[in-house]
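The following exercises concern helix packing, burial and backbone geometry in one protein model. Please work through each task before reading its solution.

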Amino acid sequence: MQSLSVAMMKRMQAQANNQEYQKTVERVFSDPQIQAFLNQHQAELTPESVQRDYSKLYEFFHENHLILQNQTSIAPGYQPKLLINAGQIDVAYVPSAQLRAEQRAKELRDRVTIISMPKWLPAANFDDFYTDEKQGSPSRNLALEEALKFCMNYSVDHFQPGLYLSGSFGVGKTYLLGATANELAKRNVKTTILHFPSFVVKMRQAIQNRTLNEERDQVSQAPILMIDDIGADVMTAWARDDLLAVILEYRMQAELPTFFSSNMTMNELENHLAEDNKDNVEPLKAKRIMQRIQYLSREIDVQGNNLRMS
C-alpha cells in the first residue's frame, strides 16, 4: 500500500504546471517528519484534507529548514510541531531544547539574588569544589558534606542552621557558598548572597536614597541569607548596630537559616565586633550579635592552600 505522503506528492505534482513548485512539493512530502506524521494519522486524513492543508505542511517544512540553517524563523527559540486540530492539519510552536535550557537557567539565576559578588558565582557547583584528600586534610570534605546535607534536608517548615565557614584567604569559602546557593535554586529555594563590606557601602547610599528600610528588610526576610566576608573591614557602630544586628535579630526570631564566611573564627569575630572605628569597646553588643550568629549557623574551619595563588 502506497503511503499517504507519496500519494499526495504525486497527486499535487500532477496538478502543478510550475516545475519549481513541483520540486518544492517533492521536498515537502519527502521530509521524514512529515512522512511520519501523515502515516501516523492516515485514518484521520483524506487526500482532499491533506491537499487543503498543504500550506501547513509547507510552513512546518520551511520553518524547520530555517532552524537547521541557523536562520531566523517566524518564532525564534521555538520549533514547529504538526498536529491535528478539529480534523485539520495545523502547526504549533513549542519551545526548543535550547530555549528550555535557557529558560531553566534563567529560573535558577532568578532564585539567587546576588549583591556585590564575583561574576563566576552563578557557575559555582558542588562537583567542582576542590577537596583536600591528597593533602590529608578533611576540612574541605566536611564543609562540602555539611553543605550537601543542608540542601538535602532543608525545609521551610523546619529550622536548620546554616554554616559559618572560617578560614584563611582563598580556601574556597565563597565558592562553597555560591555552590550551595545554586544547588538550593535547583530545589526551588531562593537565596540572597552578599559581600558584607560592599553591602555596608550600598546601605549607606540607601540612606541618601531613603530606601534603607526597604532594602534592609528584603535582606532580612530572605528565605536563605549568605553573608560573605564578614569581619573583613573595620566595623563601624552603625554597620554593627543598625545594620548587622537588625538583620540577625529578625532572622533569629523568624528562624531563617543564615550562612557566613569569614577569615576570622567566631571567637575572633566577637573581638572584632567589640571595637568600632572610633576605638569604642562594647563587648556586650559584640556578644549579643555573636549569640545570634551562633544560633543561625554552625562553624566549620576550612583549611587548605590558597587556591587563588595556584
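**Exercise 1. Which residues of H12 are buried, and what do they pack against?**

Solution. Step 1: in H12, the buried residues (under 20% relative accessible area, with over 50% counted as exposed and values in between as partly exposed, for a 1.4 Å probe and protein chains only) are Met 266, Leu 269, Glu 270, His 272, Leu 273 and Ala 274. Helices (H or I, at least four residues) and strands (E, at least two) are DSSP runs, numbered from the N terminus.

Step 2: these buried residues pack against two helices and two strands, namely H11 (237-254), H13 (283-296), S4 (162-166) and S8 (297-301). Contact here means heavy atoms within 4.5 Å.

Step 3: the model is predicted, and local features need pLDDT of at least 70, side-chain atom pairs count only at pLDDT 80 or more, while totals for chains, interfaces and linings use all residues. Residues are numbered from 1 along each chain as its sequence is written, and side-chain values use heavy atoms, with hydrogens and water left out.

**Exercise 2. Describe the surroundings of His 272.**

Solution. Step 1: locate His 272 in helix H12, which covers residues 266-274. Step 2: its relative accessible area is 18%, so His 272 is buried. Step 3: set aside neighbours within four places in sequence; His 272 then touches Gly 231, Asp 233, Val 234, Met 235 and Met 264.

**Exercise 3. How do H7 and H8 cross, and which residues make the contact?**

Solution. Step 1: the axes of H7 (residues 139-153) and H8 (residues 173-186) come within 10 Å and cross at roughly 20°. Axes are lines fitted to C-alpha atoms, for helices over the stretch in contact, and angles run from 0 to 180 degrees between N-to-C directions.

Step 2: H7 and H8 are therefore roughly parallel to each other. Angles under 35 degrees count as roughly parallel, over 145 as roughly antiparallel, 65 to 115 as roughly perpendicular and the rest as oblique.

Step 3: H7 contributes Ala 143, Leu 144, Ala 147, Phe 150 and Cys 151 to the contact, and H8 contributes Leu 176, Thr 180, Glu 183 and Leu 184. Step 4: by class, the contact of H7 with H8 comprises seven nonpolar residues, one polar and one charged. Ala, Val, Leu, Ile, Met, Phe, Trp, Tyr, Cys and Pro count as nonpolar, Asp, Glu, Lys and Arg as charged, and the others, Gly among them, as polar.

**Exercise 4. Analyse the contact of H2 with H3 in the same manner.**

Solution. Step 1: the axes of H2 (residues 19-30) and H3 (residues 32-40) come within 5 Å and cross at roughly 65°. Step 2: H2 is therefore roughly perpendicular to H3. Step 3: Val 28, Phe 29 and Ser 30 of H2 meet Pro 32, Ile 34, Gln 35 and Leu 38 of H3. Step 4: five residues of this contact are nonpolar, two are polar and none is charged.

**Exercise 5. What is the sign of phi at Ala 86 and Asp 229?**

Solution. Step 1: most residues other than glycine have a negative phi. Step 2: Ala 86 has a positive phi, near 55°, and lies in the loop between S1 (78-85) and S2 (88-95). With a relative accessible area of 76%, Ala 86 is exposed. Step 3: Asp 229 also has a positive phi, near 65°, and is found in the loop between S6 (224-228) and H11. Its relative accessible area is 21%, so Asp 229 is partly exposed.
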